Amino acid sequence: MGWWIALLCVLTLCMAPAVLTLQLDLNRQPTLHATLRSGPVHLQYDAVIEREQGALVISLRRRGAKQKTAEPAQHWASRIRGLRAGLIKRPTMWRYVKQTLRPQSFSFQSRIGAGDAAHTALAYGALTSAAQMLFVWASRVFPEPPVVRAHVDFSQAVFLCSTRCIFHSRIGHIMATTLLALAEPPVRGGWAKIASLRKQGQAWKDTQSRA
């Protein structure tokens, strides 16, 4: 009886919907907000771009927590490139992610001003054109009508921008993506090749990818 209850709980967890929200705010302190919600689970993280001692630093912290992890922006750029390379080298996992991570809604709001009426008008015209192209793209990708708004400010020099995307998935799909990442190693020869190189004391790199 206990096994059936445990199995039922696992199946319920796998079928639980998950909502991923990404919001990028461009202002004096650019910040990326990431939120994952699924039932009682509510995870929120903020990545803030700051300048410390003349260098760009990205601080990552869980919302509500006092501790944060600050690393140079170059390290994050390397991680993003590594993530992109890992997705390319795992085509099965990448196809599964595209099939199960469903776009839901998109919004873009901005305010621009150059402190001068003529320059502000030119900047607002360029921003409006970019917003129209963004609206056309979002209309094709997201099922809900996108919200794209551009505002002008003749009173001051300012540029504020906020972009928000919402995706839907299921906890089971997230777990399956993790298993696919483990089952599809990023090197030719699979995990046996990696184990052999490690046993020989050799370092393996992502450049040893599938042809």
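Helices and strands are DSSP runs, numbered from the N terminus: a helix has at least four residues (H or I) and a strand at least two (E). Keep that in mind as you work through these exercises on a predicted model.

## Exercise 1: Finding your way along the chain

Work out how many helices and strands the protein has, and in what order they run.

**Solution.**
Step 1. Count the elements: the protein has 6 helices and 8 strands.
Step 2. Read them from the N terminus on: α-β-β-β-β-β-α-α-β-α-β-β-α-α.
Step 3. Add one overall figure: the protein has 211 residues, and 27% of them count as buried.

## Exercise 2: Two residues in loops

Place Lys68 and Gln156 among the elements, and decide how each should be classed by accessibility.

**Solution.**
Step 1. Look for Lys68 in the loop between β4 (55-62) and β5 (69-72).
Step 2. Recall the cut-offs: under 20% relative accessible area is buried, over 50% is exposed, and partly exposed is in between.
Step 3. Lys68 has a relative accessibility of 38%, so Lys68 counts as partly exposed.
Step 4. Check a distance: Lys68 and Ile58 are 10 residues apart in sequence, and their C-alpha atoms are 9.9 Å apart in space.
Step 5. Now turn to Gln156, in the loop between β7 (147-152) and β8 (157-170).
Step 6. With 41% relative accessibility, Gln156 also counts as partly exposed.
Step 7. Gln156 and Asp116 are 40 residues apart in sequence, yet C-alpha to C-alpha they are 8.0 Å apart.

## Exercise 3: Two charged residues in strands

Are Arg51 and Glu71 buried or exposed?

**Solution.**
Step 1. Find Arg51 in strand β3 (residues 41-52).
Step 2. Arg51 has a relative accessible area of 58%, and is therefore exposed.
Step 3. Along the chain, Arg51 and Pro72 are 21 residues apart; their C-alpha atoms are separated by 9.5 Å.
Step 4. Next, find Glu71 in strand β5.
Step 5. Glu71 counts as buried because its relative accessibility is 18%.
Step 6. From Glu71 to Ile49 there are 22 residues along the chain and 10.0 Å between the C-alpha atoms.

## Exercise 4: A nonpolar patch on the surface

Name the residues of the nonpolar surface patch, and say which strand gives the largest share.

**Solution.**
Step 1. List the members: Leu22, Leu24, Leu26, Leu32 and Phe159 make a nonpolar patch of about 370 Å².
Step 2. Strand β1 (residues 17-26) provides the largest share, 3 residues.
Step 3. Leu32 sits in strand β2 (residues 31-38).
Step 4. Patch residues need over 30% relative accessible area. Leu32 has 37% relative accessibility and so counts as partly exposed.

## Exercise 5: The largest pocket

Describe the largest pocket: how much space lies in it, and which residues are closest to its centre?

**Solution.**
Step 1. Start with the idea: rolling a probe the size of a water molecule over the atoms shows where empty space is left.
Step 2. The largest pocket holds about 900 Å³ of space.
Step 3. Its lining has 25 residues, and those closest to the centre are Leu20, Leu22, Ala34, Leu83 and Leu101.
Step 4. Two or more lining residues come from each of β1, β2, β3, α2 (73-88), α3 (91-100) and α5 (171-183).
Step 5. The largest share, 5 residues, belongs to α2.
Step 6. Sort the lining by type: 18 residues are nonpolar, 6 are polar and 1 is charged.

Technical notes: Residues are numbered from 1 along each chain as its sequence is written. This is a predicted model: local features need pLDDT of at least 70, side-chain atom pairs count only at pLDDT 80 or more; totals for chains, interfaces and linings use all residues. Side-chain values use heavy atoms; hydrogens and water are left out. Patches are made of residues with over 30% relative accessible area and no salt bridge: like charges are joined within 9 Å, nonpolar side chains (Val, Leu, Ile, Met, Phe, Trp, Tyr) within 5 Å. Accessible areas come from the Shrake-Rupley method with a 1.4 Å probe; for residues, only the protein chains shown count as cover. A salt bridge is a side-chain nitrogen of Lys or Arg within 4 Å of a carboxyl oxygen of Asp or Glu. Buried means under 20% relative accessible area, exposed over 50%, partly exposed in between (1.4 Å probe, protein chains only). On a 1 Å grid over the protein atoms alone, a cavity is a set of points where a 1.4 Å probe fits but cannot get out, and a pocket is an open set with protein on both sides within 12 Å along at least five of seven lines; lining residues have an atom within 4 Å of a point. Grid points are joined across faces, edges and corners, and a volume is the space filled by probe spheres set on the points. Ala, Val, Leu, Ile, Met, Phe, Trp, Tyr, Cys and Pro count as nonpolar, Asp, Glu, Lys and Arg as charged, and the others, Gly among them, as polar.
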